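Visitor: Please take me in close on one part of this structure, the aromatic side chains and what surrounds them. I'd like to follow it on screen as you talk.

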Amino acid sequence: MAAFENLRVVCFFLLFAVCLSRYPPRQKRTWPQRARPETTGFPTVQQFNELANSLSGSTIAPANASYENATKMHNMRVYDQPFRVYLVESVEDVQKIMVFAKKHNLLVSVRSSGHSYIGRSTNDDGIIINLGKMKARTFKLDSTRNAAGEATLQSGNSWFEVYKAVDELVTTDGSGKEQRRVIVGGSAHTVAMGGYTQGGGHSPICRTLGLAVDNLLEATLVMADGRKAVVNEQGTTLTDLNGTTTVTNDNSLFWAIRGGGGGTWGVVMDFTFKLHYAPERFRNVLLSWALYYKGEGIGSETMKFVLQQLAQLSGDWGGYLLVSGSELNKDATGSLTLFLNHFGSNDSASNSDVDGLLNHNTFQHQYTKQDKIYNTFLEYEVNAHDQETVYIYLFDSFVQQNIANDENTLNGLSSWLMSLKDSPNDMVGTTCTGSLIGGKMADVASAVTPVNPKFRSGLMAMSCAVWWSDPGVRDDFYIDYALKQRDELAKWGEGVYYNEPAEDLDNWKVQFWGTTTNYDRLLDIKKQWDPDHFFWCHNCVGSDLITVNGTAYTAPQGEGREETVADKCASSSPSFWDGGRMFIALKALPVVLMGLKTASL
């Protein structure tokens, strides 16, 4: 018996050593208290069936063949197992589901396209409201709210579907000249507008036309209690389940969804956006440089030059910077790519902004140089490609405009980007995408929306991903590596984009929204419109609060959910057989055993 107790102590110390070796510790999490299949009060199968039969949309259960695809996220590292997935087809469907979920205290997540890389749109043992079938589109070209017209889009539309529909909106002006329209949206083809818009929404043309939230005119939501809310700048129209309508001039909820983050306010059924007149043409410039040749870092000065040049671009230019540490061929490693678009005409003076970039080839290492003209935004956008589903850890920061004049930041960021090739092994890599921001975005006063002011003033939203190709067994080894990379990027930026964050952020309230004043206002709105904090997602407004008997309080880690040793170590499921931590644990074993031997004397 004593030997068994000693073995238990040895195991404890081994696990303790594993926990200590984490770099750095994972963020502690607060989980809401919700009914689960093993708890009293969880609905019966008959009750779930009755709900399903009342809906116009379809229901997917774990036993269904389509369940795996219905629950798969773009980040394959995030895989939860909801009890039911509802493919809704109407506002009434969502209202019925919300009333059912609230009655039985079920965890609810809302999904439109599954691009939340930290899993805000999925959960274990709860229900998923999938908006993918909600694809209605209405265009009003004689809008009194916006000269070029407006578009009302249900949340299941992908942006590429919207771009194709907007491309067909061709009219003529008074002189008979053709007029086309564009809309501010995401670049990835399969991204939908739900979480994208509520997080702020940058775009290839946001430097010219503003963020998605700057172009939002109205939205329709289903609230936690099933009421329907239509919100805009003028106020809120609420319709109760019995059909009673109330109109107020309270526009707080409209303010909150324009950057306060998705998953926490209600189920947004549709958005109404401004349309804009398209320019004469779109110009696209694609440039690529190798960073290393036969081990020599030939791209360091190019990296600095490119960053300085991007800071000088006018608001007519937008697009992306991409940096990869991957091998190009047997001699060249690492790449720096620019994918830039110009919103204007051939006569625009700003065309010359990129002359220096086009001609920069100091070491003859520029291996791509394309300069094309497209007649429409769709012709340009069709060349964008979605990232395939992968195992990744994402992290982000807003690089600011002053990089051009701040030598320390310029050198530091350039050096770190050059180091992306230095991965721990051949199974892991790091890539970064800098989405150009600033320009006309900065003309919008900070108080108009809750987005981080650094989002508006920045040069780029730098989103990076550590990806790996041997998933499962060594996930935590790679996550530890990603956390180190996250901390390196944070040195050279300010704030974090809500839609593309690291999932481990202890100071997420200020990182996402810039100031405690912004967050406190969002929290007050959350308490007003969802007083029970029923809508919950990780690092969302109010996510660290638990409501008991009508009172909200900050809860300790893991409240409402049983914690495992893995939870206590990492707030995730760490791989004990990770090479690095196992090595440290085994090195500690002789010390542990010596301590046991001494204790037994």
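**Rings and their surroundings**

Guide: Start with Trp508: at 5% relative accessibility it counts as buried, because the cut-off for that label is under 20%. Keep in mind that what you have on screen is a predicted model.

How many aromatic pairs does a search of the whole structure find? It turns up 25. Take the one between Tyr498 and Phe512, which meet edge-to-face, with 5.2 Å from centre to centre and 70° between the planes. Phe512 belongs to helix α15 (508-513), while Tyr498 sits in the loop between α14 (475-490) and α15, so this contact links distant parts of the chain, 14 residues apart. Both Tyr498 and Phe512 are buried. Now back to Trp508, which pairs with Tyr519, again edge-to-face, at 5.7 Å centre to centre and 90° between the planes. Since Trp508 is in helix α15 and Tyr519 in helix α16 (residues 516-529), this pair ties together parts 11 residues apart in sequence. Tyr519 is buried too, at 4% relative accessibility.

Tyr498 has a charged neighbour as well: Arg120 lies over the face of its ring, 3.7 Å from the ring centre. You'll find a similar arrangement at Phe48, where Arg84 lies over the ring face at 5.1 Å from the centre. Phe48 is one of the buried residues of helix α2 (residues 45-53), along with Leu51 and Ala52. Looking down the axis of α2, these buried residues fall within an arc of 100°, so they line one face of the helix. Gln46 and Asn53 are exposed on the other side of α2. The cover over the buried residues of α2 includes β1 (58-60), β2 (84-87), α4 (91-104) and β4 (127-130).

Next, go to the ring cluster. Ring pairs link Trp159, Tyr163, Tyr196, Phe271, Phe273, Phe282, Phe339, Phe343, Phe377 and Tyr380. Trp159 and Tyr163 are among the buried residues of helix α5, and so are Phe160, Val162, Ala165 and Val166. What do the buried residues of α5 pack against? Their partners are β5, β6, β9 (181-182), α6 (194-198), β14 and α11 (377-381). Helix α5 (residues 159-167) lies across β5, β6 (150-154) and β14 (267-274), at about 40° to β5.

Those three strands belong to an open, antiparallel sheet of 7 strands, in the order β5-β6-β14-β10-β11-β12-β13. Its edges are β5 (137-140) and β13 (245-248), each pairing on one side only. From one strand to the next, the twist averages 15°. At the β13 edge, 4 bridges join β12 (residues 235-239) to β13, and Leu238 stands opposite Thr246 there.

One last aromatic to click on is Phe395, in strand β21. Phe395 is buried, with a relative accessible area of 1%, and its C-alpha atom is separated by 4.9 Å from that of Pro501, though the two are 106 residues apart along the chain. Strand β21 (residues 391-400) is joined to β23 by 10 bridges, running antiparallel; Ser397, for example, has Met462 as its bridge partner. Strand β23 (residues 458-468) is mostly covered, with 10 of its 11 residues buried. Strand β22 (residues 428-436) also pairs with β23, in the antiparallel sense over 9 bridges, and Gly429 stands opposite Trp467.

Note on methods: Residues numbered from 1 in each chain as written. Predicted model: local features only at pLDDT ≥ 70, side-chain atom pairs only at ≥ 80, totals over all residues. Heavy atoms only, no water. Pairing = 2+ DSSP bridges. Helix = DSSP H or I, 4+ residues; strand = E, 2+ residues; numbered from the N terminus. Axes fitted to C-alpha atoms, helices over the stretch in contact; angles between N-to-C directions. Contact = heavy atoms within 4.5 Å. Buried < 20%, exposed > 50% of the residue type's maximum accessible area, 1.4 Å probe, protein only. Arc of directions from axis to C-beta. Phe/Tyr/Trp six-rings, centres within 6.5 Å; stacked < 30°, edge-to-face > 60°. Lys NZ or Arg CZ within 6 Å of the ring centre and 35° of its normal.
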